[in-house]
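Good morning, and thank you for the opportunity to present. I would ask you to look at the structure on the screen while I speak about its charged side chains.

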Amino acid sequence: MINTIKKWIEQVKSSSISKPFIAIKNWLHENVIKRKLIIFSALLTIWLGLLLGAVYSPQRQTYSDEELKTKQTYTNGTGEIKLTSQTYSAKTGIIVLQFETKDATSSVDRGIDAKRLDWKLYAQHKTADTVMEVVPIIDNKISVIIQNVPEDFGAYAIDITNKTVATSSIDVDIDSSSDDDTTTSSPTSTDDEEANVVQFMITTQNNQLKRENIKAVSREEFTLSELKKEETFQNNQIKKLNKSIAQLKASIEDDESRKASLSTESQYLTGDDLEANQKDIASIDSNIETKNRSIETANNNIEKLKETLTAIAKKKAAVKDGTFVFSNPIETIEMD
């Protein structure tokens, strides 16, 4: 068997096909410097090819992490906006964005008033049919629909201007001298505009942009769908809080049982043992008080959720009877 293999190898070596390869092998073996030069040139060519491919690839990352941030804060201190979800449907040409807002000018946790927000859409590749519609869902949640999105849209930039008044910058004091009018400089209009504007980038190069098939529906149908989702979410929150309350009450019962046991034992203790026993009872009392406060907080939150559900029901009724007020569609503007 071994002799047969050796014979076959010799036949291959002596064949006309293998002669060029053998000649190249011998040449490379005899010319060491040229062999190293050829290997270096080949590796350099591969490296340059990979580099040029990365530079000219249409999918290469051209946006920084700062530009793709999903949480933006107004520098004038009026609040913040977070992009919680972004979905693109290439089949129907729709992008759906979900935003949550936080108003820093009020102690009421209801988000920035949607009527105080102005939205503008800028496109890398302008198309006349592309429009953006803003749909305030409930409290601090706002949905945005960009329709007629081309497959090669590249990137969209969304500017959100907050017209909420920043009361912290309002001066109600009396100036000490008329000279202050000339020495005190107020912020320029440009500075004011930049302070109350945040921008979000929407691009296919962002891995946070989910790709799903979104059915092309009317604005009213979409709003009803989002309200139903929010309604389900709020009901699930109530169920979670009720479960937490039940668990806290069960835990308090256990604490009361331990406290009763410690109180019984204290009758037979003296000195350090009695002191340690009293400390344990005090610790249990503190835990019970903390858990009762948590139950109170949970009950208050349930009441807030019920108020939210009432508001959702009113919005659903308004959408169905056509009285719900939508933000106006915003025309696509060519990006500078």
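Let us begin with glutamate 289, which is partly exposed, at 46% relative accessibility. This is a residue in a predicted model, and the values I quote are computed from that model. Which residue does glutamate 289 form a salt bridge with? Its partner is arginine 293, and the closest N and O atoms of the two are 3.1 Å apart. Arginine 293 is likewise partly exposed, at 45% relative accessibility. Both residues belong to helix 7, where they are 4 residues apart, about one turn of the helix. As a general point, side chains of opposite charge can pair when their charged atoms come close.

I turn next to helix 6, which covers residues 219-266. Here glutamate 226 forms a salt bridge with lysine 229, with 3.4 Å between the closest N and O atoms. The two are 3 residues apart in this helix, and therefore about one helical turn separates them. Are these partners buried or exposed? Glutamate 226 counts as buried because its relative accessibility is 10%, under the cut-off of 20%. Lysine 229, in contrast, is exposed, with a relative accessible area of 52%, which is over the cut-off of 50%.

The next pair joins two helices. Aspartate 285 forms a salt bridge with lysine 259, and their closest N and O atoms are 2.8 Å apart. Aspartate 285 lies in helix 7 (residues 271-321) and lysine 259 lies in helix 6, so this salt bridge ties together parts that are 26 residues apart in sequence. Aspartate 285 is partly exposed, at 31% relative accessibility, and lysine 259 is also partly exposed, at 25%.

Salt bridges may also be linked to one another. Asp255, Arg258 and Lys291 are connected in a network of them. How many salt bridges are counted in total? The count is 11.

Let us now consider a charged residue without such a partner. Aspartate 103, in strand 3 (residues 94-103), is buried yet has no salt bridge. Where is the nearest side chain of opposite charge? That side chain belongs to arginine 116, and it is 8.8 Å away. A salt bridge requires the nitrogen and oxygen atoms to be within 4 Å. Aspartate 103 does, however, have a polar contact of 2.7 Å, which joins its side chain to that of threonine 105. Apart from its neighbours within four places in sequence, aspartate 103 is in contact with Thr78, Gly79, Gly111, Ile112 and Thr164.

From charge, I move to the nonpolar surface. Leu37, Phe40, Leu44, Trp47, Leu48 and Leu51 make a nonpolar surface patch of about 620 Å². One of these residues, phenylalanine 40, is located in helix 3 (residues 32-56). Phenylalanine 40 counts as exposed because its relative accessibility is 53%.

Finally, I shall describe the chain as a whole. It contains 7 helices and 10 strands. Of its 336 residues, 31% count as buried. The accessible surface comes to about 22500 Å², and carbon and sulfur atoms account for 53% of it. When one takes the contacts between residues at least 6 apart in sequence, 73% of them join residues at least 24 apart.

Notes:
Residues numbered from 1 in each chain as written. Predicted model: local features only at pLDDT ≥ 70, side-chain atom pairs only at ≥ 80, totals over all residues. Heavy atoms only, no water. Buried < 20%, exposed > 50% of the residue type's maximum accessible area, 1.4 Å probe, protein only. Lys, Arg positive; Asp, Glu negative; His and termini not counted. Polar contact = N/O pair within 3.5 Å; in protein donor to acceptor, adjacent residues only side chain to side chain. Contact = heavy atoms within 4.5 Å. Areas by Shrake-Rupley, 256 points an atom, 1.4 Å probe, with all protein chains shown as cover. Patch = residues over 30% accessible without salt bridge, like charges linked within 9 Å, V, L, I, M, F, W, Y side chains within 5 Å.
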